[in-house]
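Subject: Structure handover

Hello,

I am passing a structure on to you. Please look through it, then read the notes underneath.

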Amino acid sequence: MQTLVIEGYLAADPSILAAQGSGRKRADFRVLETTRYRRSDGEAGERTTGFNCICFNESTTENYIAPYARKGSRVVIQGHVENDSWTGKDGVEHYDLRVVVGDIRLKNRRRTEEAPATATAAKEGAALIDDDIPF
C-alpha cells in the first residue's frame with residue numbers, strides 16, 4: 001500500500017456522518033493544496049488541487065475533527081488512496097478517488113465553545129483572519 005501525505009487547508013467544515021445500522025461516526029472533508037511554480041517564460045503560476053478525504057476512525061472524528069476542524073484550518077493528512085464508485089439517481093456510474101485518513105494533524109486548534117477567533121486574536125494583538133476564505 002502506498003502512503004500519501006498532504007498539507008493544505010480545509011475547503012469547508014467537515015461533514016460528520018453516522019453509518020446506518022451501526023451508528024459509527026465518520027468525517028468527510030475536502031483538503032485543498034496549492035503548488036506554486038515558475039513558468040518557462042519566468043512568470044509565477046500556481047495550481048490548486050482538491051482531495052476528498054474520509055476518516056473512519058470514530059475516536060478521531062468525535063474527539064479531534066468535530067470540535068477543532070473548521071473551514072480554512074491548516075491540516076497535514078497521512079493516508080492512502082482508494083477508488084470510490086457509486087450509481088447516481090439517473091443511473092449513471094460515477095468514479096472518484098478519495099484519501100482514507102490514517103493520521104491527521106491540525107494547526108491552530110481551538111474548541112468551538114471557546115471565545116471566537118476574532119476576540120482571541122485581538123487580545124493577542126495578532127492580525128485578524130477574514131472568515132471569507134476564497135476556497
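The notes below go from the whole chain to single residues.

Two points on how to read them. This is a predicted model, in which local features need pLDDT of at least 70 and side-chain atom pairs count only at pLDDT 80 or more, while totals for chains, interfaces and linings use all residues. Residues are numbered from 1 along each chain as its sequence is written, and side-chain values use heavy atoms, with hydrogens and water left out.

The whole chain

The chain has 2 helices and 6 strands. Helices (H or I, at least four residues) and strands (E, at least two) are DSSP runs, numbered from the N terminus. Their order from the N terminus is β-β-β-β-α-β-β-α.

The chain has 135 residues, and 24% of them are buried. Buried means under 20% relative accessible area, exposed means over 50%, and partly exposed lies in between (1.4 Å probe, protein chains only). The exposed area of the chain is about 9,400 Å², with 46% of it supplied by carbon and sulfur atoms. Accessible areas come from the Shrake-Rupley method with a 1.4 Å probe; for residues, only the protein chains shown count as cover.

Contacts (heavy atoms within 4.5 Å) also span the sequence. Take those between residues at least 6 apart: 57% of them join residues at least 24 apart.

Strand pairing

Two strands pair if DSSP finds at least two bridges between them. Strand β1 (residues 4-10) pairs with β5 (residues 74-87) in the antiparallel sense, over 6 bridges. There, Y9 has R74 in β5 as its bridge partner. Strand β1 also pairs with β3, again antiparallel, over 2 bridges. Here L10 has V31 in β3 as its bridge partner.

Helix α1

Helix α1 covers residues 58-68, and its buried residues are T61, Y64, I65, P67 and Y68. The cover over them includes β2 (15-18), β3 (25-38), β4 (44-55) and β6 (93-106).

T61 is a good residue to start from. It lies in α1. T61 has a relative accessible area of 0%, so it counts as buried. Which residues does T61 contact, leaving aside its neighbours within four places in sequence? They are I16, K25, R26, A27, C55, A66 and P67.

Now the start of the helix. N57 sits in the loop between β4 and α1. N57 caps the N-terminal end of α1, with a side-chain oxygen 3.0 Å from the backbone nitrogen of S59. A polar atom of the N57 side chain also lies 3.1 Å from the backbone nitrogen of T60. A polar contact is a pair of N or O atoms within 3.5 Å; within protein, one must be able to donate a hydrogen and the other to accept it, and residues adjacent in sequence count only if both atoms are side-chain atoms. N57 is partly exposed, at 39% relative accessibility. Its C-alpha atom is 6.6 Å from that of R26, although the two residues are 31 apart along the chain.

Salt bridges

Side chains of opposite charge can pair when their charged atoms come close. A salt bridge here is a side-chain nitrogen of Lys or Arg within 4 Å of a carboxyl oxygen of Asp or Glu. How many salt bridges does the structure hold? There are 7.

One of them joins K25 and E62, with the closest N and O atoms 3.8 Å apart. This pair links distant parts of the chain: K25 is in strand β3, E62 is in helix α1, and they are 37 residues apart. K25 is partly exposed, with a relative accessible area of 33%. E62 is partly exposed too, at 37%.

E46 and R36 form another, with closest N and O atoms 3.5 Å apart. Here E46 belongs to strand β4 and R36 to strand β3, 10 residues apart. E46 is partly exposed at 48% relative accessibility, whereas R36 is exposed at 64%.

R105 and D103 also form a salt bridge, with 3.4 Å between the closest N and O atoms. R105 is partly exposed at 48%, and D103 is partly exposed at 28%. Elsewhere, E82, D84 and R98 are joined into one network by salt bridges that share partners.

Best wishes
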